[in-house]
Amino acid sequence: MAVNLDQVAFDLAAELLGCFCAALEESTAGAACRCSLLAGANVAADLCCDCGDGNGQAWVRVAEIWPTTATWPQRLAQMEKCPLNLWAVELEMGAYRCAAKIDNRGRFPSAARLTRDAEVVMDDAAAMRRAANCCFRTSEAARQSARRFIVGGWRPLGPEGGCVGGQMSVTVSAYDCCPA
């Protein structure tokens, strides 16, 4: 039986995903068709419209992990004699939703539909802020570990292939000890 050796980044990503998916359920567009942990450097804009229950896709992925110093999240520049085993884990959460596009008769979307797209995307950005600010502050694990985190900026994505959305990063502190 395989054992998940990563007790740092994966668990943090899963925790943030739970908070983010819950926040999206109460957003203007509602729950995403697929709300999942993703691997890799990029997220494909491939599930936005006509995806069954929900609207679009949402994700959390691990963007980067680096060793840090007591001055978290400063990168460890050289090996220390007695390392702290302190890490910075950068997580990215994002969402793509169905975007207005030219119809099959060549007509451009109305101003009202474009405004609705903007409203949905900005409400998803609010859900990201809510997830980032509340998840690592209020969870039991966060309270027990005095976990530190920094919320990054929100950036728009698209429109691309009928999808539009945004992404936000959250950098979280983590300890990783050597097994006994």
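**Two threonines in a loop**

Reader: Where is Thr 69 found?
Author: Good place to begin, and do keep in mind that this is a predicted model. Thr 69 belongs to a stretch that joins two strands. That stretch is the loop between strand 2 and strand 3.

Reader: Is Thr 69 buried or exposed?
Author: Residues under 20% relative accessible area are called buried. Thr 69 has a relative accessibility of 12%, so this residue counts as buried.

Reader: How far apart in space are Thr 69 and Trp 87, C-alpha to C-alpha?
Author: Along the sequence, 18 residues separate Thr 69 and Trp 87. In space, their C-alpha atoms are apart by 8.1 Å.

Reader: What about Thr 68: which residues is it in contact with, leaving aside neighbours within four places in sequence?
Author: Thr 68 also lies in the loop that runs between strand 2 (57-67) and strand 3 (86-98). Its relative accessibility is 3%, and therefore Thr 68 counts as buried. With those sequence neighbours set aside, the contacts of Thr 68 are Pro 73, Gln 74, Arg 75, Leu 76, Leu 86, Trp 87 and Ala 88.

Reader: Stepping back, in what order do the elements of the protein chain run from the N terminus on?
Author: The protein chain has three helices and five strands. Read from the N terminus on, their order is α-β-β-β-α-α-β-β.

Reader: And what share of the exposed area of the protein chain do carbon and sulfur atoms supply?
Author: Happy to add that one! Of the chain's 180 residues, 38% count as buried. The area that the protein chain exposes is about 10200 Å². Carbon and sulfur atoms supply a share of 55%.

Conventions: Residues are numbered from 1 along each chain as its sequence is written. This is a predicted model: local features need pLDDT of at least 70, side-chain atom pairs count only at pLDDT 80 or more; totals for chains, interfaces and linings use all residues. Side-chain values use heavy atoms; hydrogens and water are left out. Helices (H or I, at least four residues) and strands (E, at least two) are DSSP runs, numbered from the N terminus. Buried means under 20% relative accessible area, exposed over 50%, partly exposed in between (1.4 Å probe, protein chains only). Contact means heavy atoms within 4.5 Å. Accessible areas come from the Shrake-Rupley method with a 1.4 Å probe; for residues, only the protein chains shown count as cover.
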